[in-house]
Amino acid sequence: MRDFTDTSAFRVAVVTGSTSGIGLAIARALAEAGHAVMLNGLGDPAEITTLRETLQTETGAPVAFHGADMSDPAQIADLVQATETAFGRVDIVVNNAGIQTVAPIEDFPVDRFDLIMQINLHAAWHLARATFGGMKARGWGRVINVASAHGLVASPFKSAYVMAKHGLVGLTKTLALEGAEHGITANAICPGYVLTPLVERQIPETAKARGLTEDQVIRDVLLAAQPTRSFVQPGQVGALAAFLCSPAAAQITGTALPIDGGWTAQ
Ligand code: NAD
């Protein structure tokens, strides 16, 4: 076990929505790179405790958890405070928590639209707002917004999601400009389809919206968009996030980086 009493020796990362899928893979990659990690997300408390302990044991990095609901700005403020209490500061923000609903716009439930905006877009603004001043003062920071190929191009029946993800790419550019002279970079990662619970859940919804079987959705809708015809792996997104936090990536800022098997090249 390394000595973590010297807090200047590692960076402190908050990864929202890291109890599952892409967020968990990013948290693991950052912990493996030696950074302290504050996990966040929903789920069974006992399972999350096991997850946190396993990650800490396997990586040797300090790992904590805060269950802030990212739709609530007050809880986001509490997440930042708890991280500062646990690890002294916040150096790396990964805005990853996200939800999806697939429906034609005329049937799109208004409460789901509001929630998608709050979790997928507004939360990133609140978390950046609460941590940017500290990053500026210390002259180092990383903001990574997990957008999507849907931050660059659209698909039907995902009006709220596409709107939120395009917004997230816009926020990324503004943060890059505001942080540029303060050692802070801001980038969006734009994954294509990654087989996580979020995608597994939307297969039946898409089947219903398009009148297809679930197998047809996987073959003709999801992977039809992705020229490699295979899912992106969560660990590949984690590795990209860790690279963006490394010294080699210090001049990469304001970008929206596709990791989408060629989807947005078409
Ligand atoms: P997932 O469902 O596996 O994980 C989502 C995470 O967000 C979970 O940890 C969940 O607990 C958390 N979360 C949901 N609502 C929350 C809330 N109110 N407060 C706090 N945490 C909350 O999904 P995923 O596929 O890993 O998606 C992660 C991100 O990647 C999302 O922003 C998603 O839009 C984006 N993304 C996913 C794909 C894909 O194909 N899976 C592609 C592009 C972008």
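This is a short chat about the ligand site and one strand pair in a predicted model.

Student: What should I know about the model first?
Tutor: It is predicted: local features need pLDDT of at least 70, side-chain atom pairs need 80 or more, and totals for chains, interfaces and linings use all residues. Residues are numbered from 1 along each chain, and side-chain values use heavy atoms, without hydrogens and water.

Student: OK, ligand. How many residues surround it?
Tutor: 31, counting those with a heavy atom within 4 Å. The closest are S20, N96, Y161, V194 and T196.

Student: Which helix gives the largest share of that shell?
Tutor: Helix 6, with four residues. Helix 1 (21–32), helix 5 (159–179) and helix 6 (197–210) each supply at least two. Helices here are DSSP runs of H or I, at least four residues; strands are E runs of at least two.

Student: What does T196 do up close?
Tutor: A side-chain N or O atom of T196 is 2.4 Å from a ligand oxygen. Polar contacts with the ligand are N or O pairs within 3.5 Å.

Student: And the backbone of L42?
Tutor: A backbone N or O atom of L42 lies 2.8 Å from a ligand oxygen. For G17, a polar backbone atom is 3.2 Å from one.

Student: New topic. How do strands 2 and 3 run?
Tutor: Parallel, with four bridges joining strand 2 (36–40) to strand 3 (63–66). Pairing takes at least two DSSP bridges.

Student: Which residue stands opposite V37?
Tutor: V63, in strand 3.

Conventions. Polar contact = N/O pair within 3.5 Å; in protein donor to acceptor, adjacent residues only side chain to side chain.
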